[in-house]
Amino acid sequence: MCNSCALLGHKLLLKAEHPKTGCPYKGQDAEEAKVNTMKSVSWPVGTKWDLKQYLRMISRDKAHQKEWNQLEMTDAAKQLLKMDVPLSYGLLRGGAMEYGRKEEARISKLDYSAGVIAFNWCFNKRLHSLLHHNVFLSSEFRRSWNRATCPDTLAFSPNFYVHCPVRTDSSAAPPGCDSIMVLLPVANMQQMIASGECKSGDKGIYKSLVEEGRKAVLRTMKEAGVGKGRDLADCIISEKVIEPEEWKEW
């Protein structure tokens with residue numbers, strides 16, 4: 001699935017109609033109807049919403065008010081949607097529900113980029129050879145660019161990205177320690193299903209890839225000289241893994 005967590009820059013049309021009569025709301029009723037529709041999107045994903053504050057904001061912003069009158073979300077509202085784009089449309093309720101369902105179905109059929117397994121690790125030592133941004137490229141040129149659907153299709157030394165926030169923010173880890181985020185590209189959920197590795201609705205479909213991916217990343221980093229030959233797995237004191245199934249819900 002797509003890894004985007006917001007509808008930034010995307011025009012999400014809201015049809016503010018009375019749920020029984022189907023007639024468009026007018027004036028203050030229209031404003032409240034549209035805001036209530038946005039509440040149905042934002043509240044399920046934990047976003048707090050202040051109706052009065054938002055109405056004050058759009059009333060003094062003529063540019064946004066014009067868009068509002070054209071039944072479109074403002075940029076501020078778009079940022080409330082944290083889930084994948086198709087799922088965000090599916091959360092719409094009220095007069096926008098039918099539109100949301102159609103858009104969810106349409107976007108879900110599109111081709112998506114690679115899925116990502118994110119390894120968030122805290123180490124009990126500083127990994128001095130790593131910079132703020134690091135890209136590891138495999139010598140297996142062709143295989144490494146294929147999106148792995150299972151351990152057998154994952155390159156021995158895969159391509160991945162490593163971010164070390166401590167290099168510019170010392171508060172990201174205790175003194176003498178390190179915290180890093182690894183992004184390992186793998187097959188997206190559509191490709192996992194198409195490969196026959198799983199069926200739609202299955203859970204835990206990335207479990208084996210997470211295990212093999214962890215080994216491959218740590219092995220590759222060690223071979224590149226990170227940790228000065230020490231077994232990096234023994235230096236990890238905390239781990240948080242986010243794979244495509246969880247990214248889908250963000």
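**Exercise 1. Overall composition**

How many helices and strands does the secondary structure of the protein come to? Describe also the burial, the contacts and the surface of this predicted model.

*Solution.* Step 1: the secondary structure consists of 10 helices and 5 strands. Step 2: of the 250 residues in the protein, 44% are buried. Step 3: among contacts with a separation of 6 or more, 71% are between residues 24 or more positions apart. Step 4: the accessible surface is about 13800 Å², and carbon and sulfur atoms contribute 53% of that area.

**Exercise 2. Helix α6**

Compare the expected and actual span of helix α6 (residues 97-108), and determine which of its residues are buried and which are exposed.

*Solution.* Step 1: α6 has 12 residues, and the expected span is 1.5 Å times one less than that number, which gives 16 Å. Step 2: the end C-alpha atoms of α6 lie 16 Å apart, in agreement with the expectation. Step 3: Tyr99, Gly100, Glu103 and Ile107 are buried in α6. Step 4: viewed down the helix axis, the buried residues of α6 fall within an arc of 95°, so they line one face of the helix. Step 5: Glu98, Arg101 and Lys102 are exposed on the other side of α6.

Step 6: isoleucine 107, which belongs to helix α6, serves as an individual check. Its relative accessibility is 7%, and the cut-off for buried is under 20%; isoleucine 107 therefore counts as buried. Between isoleucine 107 and tyrosine 89, 18 residues apart in sequence, the C-alpha to C-alpha distance is 9.3 Å.

**Exercise 3. Helix α9 and the loop that follows**

Establish the span of helix α9 (residues 207-223), identify the elements against which its buried residues pack, and examine the backbone beyond the helix at glycine 225 and lysine 228.

*Solution.* Step 1: the 17 residues of α9 reach 25 Å from first to last C-alpha, close to the expected 24 Å. Step 2: the buried residues of α9 include Leu209, Val210, Gly213, Arg214 and Met221. Step 3: the buried residues of α9 pack against strands β1 (115-123), β2 (133-136), β3 (160-163), β4 (178-186) and β5 (236-242), and also against helix α8 (189-194).

Step 4: glycine 225, just after α9, has a positive phi of about 95°. Step 5: lysine 228 lies in the loop between α9 and β5. Most residues other than glycine have a negative phi. Lysine 228 is not a glycine, yet its phi is positive, at about 55°. Step 6: with a relative accessible area of 76%, lysine 228 is exposed.

**Exercise 4. Two strand residues**

Is serine 179 buried or exposed, and is valine 135 buried or exposed? State the surroundings of serine 179 and the patch to which valine 135 contributes.

*Solution.* Step 1: serine 179 is located in strand β4. At 11% relative accessibility, serine 179 is buried. Step 2: beyond its neighbours within four places in sequence, serine 179 is in contact with Trp121, Cys122, His163, Cys164, Pro165, Val166, Ala172 and Ala173. Step 3: serine 179 and arginine 167, 12 residues apart along the chain, have C-alpha atoms separated by 9.8 Å.

Step 4: valine 135 is located in strand β2. Its relative accessible area is 61%, and valine 135 is thus exposed. Step 5: together with Leu137, Phe141 and Trp145, Val135 makes a nonpolar surface patch of about 530 Å².

Notes
Residues are numbered from 1 along each chain as its sequence is written. This is a predicted model: local features need pLDDT of at least 70, side-chain atom pairs count only at pLDDT 80 or more; totals for chains, interfaces and linings use all residues. Side-chain values use heavy atoms; hydrogens and water are left out. Helices (H or I, at least four residues) and strands (E, at least two) are DSSP runs, numbered from the N terminus. Buried means under 20% relative accessible area, exposed over 50%, partly exposed in between (1.4 Å probe, protein chains only). The arc is that of the directions from the helix axis to the C-beta atoms. Contact means heavy atoms within 4.5 Å. Accessible areas come from the Shrake-Rupley method with a 1.4 Å probe; for residues, only the protein chains shown count as cover. Patches are made of residues with over 30% relative accessible area and no salt bridge: like charges are joined within 9 Å, nonpolar side chains (Val, Leu, Ile, Met, Phe, Trp, Tyr) within 5 Å. A salt bridge is a side-chain nitrogen of Lys or Arg within 4 Å of a carboxyl oxygen of Asp or Glu.
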